[in-house]
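Work through the exercises below with the sequence and the structure at hand. Each task is followed by a solution in steps.

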Amino acid sequence: MSKIDPTARVADGAVIGEGAEIGPFCIIGPHVTIGAGTKLLSHVNVTAQTTIGENCTIYPFASLGTPPQSLSYKGELTRLTIGNGCTIRESVTMNAGTVAGGGITSVGDRGYFMNCAHVGHDCHVGNDVIFATSATLGGHCEIGDFVFMGGLSAVHQFTRIGSQVMVGGICGVRGDIIPFGLVNGQYAALEGLNIIGMKRRKFTKERVAAVRSFYQKLFHGAGVFAERLERVQPLANDDPAIAEILTFIAGAKHRALCLPEDSKNNS
């Protein structure tokens, strides 16, 4: 049985799952679905066609499904989906999608979003991510699984971040970041591989060495970047992580690739 505080306002049509808890002064819109066991502690606003998965914990003053911050938005009913087991801390904001961008913003399972983090309209965020305090996504970003976003970092709209990336704090991301990358700096530059993250994902020493060797050949080998990229294509067969990086690069859409500082003049 769900528990709804008498001071909360739950609109007709909202679906509240078994064992969910809606705390004091929460506001739940008519098109919202909240999964079983999810807890809204207090003062949480959920609107639009928002679906929140099971066993999430949402802290005070989070605002989920609010209208996209886009001049193209004309009041349409669009969507936000949040997966299971997420922790959403104080004052986090996640906007619904735009019709032009596909109409949906999506967040995967087991995400941890620290206070004041923001997920913009039409973003697609993977599983097991961590957004530190005030980490921010512009619209239409794509974020892979196991990504760590440092505090006060900001990602430009239409940017892709591959899986298992670590973004340093106070970092402006203006280019796509390869899977397993480590970026830092006022304007993000690729500093190497997220070796700690790879080890946490049970990469063996041999696998780490193979991906490191590939990385050096791709970003620090002889010739311009396009020539190096062509040379390393056969290495896709050496390790699934290498194949993932090459597939990510081949799938470029709107942004240039984030590169190491010392290779930007040789790309």
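**Exercise 1. Which residues of helix H2 are buried, and how are they placed around the axis?**

Step 1. In this predicted model, the buried residues of H2 are Val-208, Val-211, Phe-214, Tyr-215, Leu-218 and Phe-219.

Step 2. These buried residues lie on the same side of H2, because the arc they cover around the axis is only 130 degrees.

Step 3. A general rule helps here: an α-helix has 3.6 residues a turn, so residues three or four places apart point the same way.

Step 4. Exposed residues Lys-205 and Glu-206 sit on the face of H2 that is turned away from the buried side.

Step 5. The cover over the buried residues of H2 includes strand E28, helix H1 (195-200), helix H3 (225-232) and helix H4 (240-250).

**Exercise 2. Check what H2 should span at 1.5 Å a residue.**

Step 1. H2 runs over residues 205-220, which is 16 residues.

Step 2. The expected span is 1.5 Å times one less than the number of residues, and for H2 this gives 22 Å.

Step 3. The end C-alpha atoms of H2 are 21 Å apart, which agrees with the expected span.

**Exercise 3. Give the strand order of the open sheet of 9 strands and find its edges.**

Step 1. The order is E2-E5-E8-E11-E14-E17-E20-E23-E26, and the pairing is parallel.

Step 2. At the edges stand E2 (9-10) and E26 (172-173); each has a single partner strand, so one side of each lacks a neighbour in the sheet.

Step 3. Inside this order, E20 (residues 136-137) pairs with E23 (residues 154-155) in the parallel sense over 2 bridges. Thr-136 has Ala-154 in E23 as its bridge partner.

**Exercise 4. Is Ser-153 buried or exposed?**

Step 1. Locate Ser-153: the loop between strand E22 (148-149) and E23 holds this residue.

Step 2. Buried means under 20% relative accessible area. Ser-153 has 1% relative accessibility and therefore counts as buried.

Step 3. Beyond its neighbours within four places in sequence, Ser-153 is in contact with Ser-134, Ala-135, Thr-136, Val-167, Gly-168, Ile-170 and Cys-171.

**Exercise 5. Describe the open sheet of 11 strands.**

Step 1. Its order is E1-E4-E7-E10-E13-E16-E19-E22-E25-E27-E28, with mixed pairing.

Step 2. E1 (3-4) and E28 (189-193) are at the edges with a single partner strand each, so one side of each is without a neighbour in the sheet.

Step 3. E1 pairs with E4 (residues 21-22) in the parallel sense over 2 bridges. The bridge partner of Lys-3 in E4 is Glu-21.

Terms used
Residues are numbered from 1 along each chain as its sequence is written. This is a predicted model: local features need pLDDT of at least 70, side-chain atom pairs count only at pLDDT 80 or more; totals for chains, interfaces and linings use all residues. Side-chain values use heavy atoms; hydrogens and water are left out. Two strands pair if DSSP finds at least two bridges between them. Helices (H or I, at least four residues) and strands (E, at least two) are DSSP runs, numbered from the N terminus. Buried means under 20% relative accessible area, exposed over 50%, partly exposed in between (1.4 Å probe, protein chains only). Contact means heavy atoms within 4.5 Å. The arc is that of the directions from the helix axis to the C-beta atoms.
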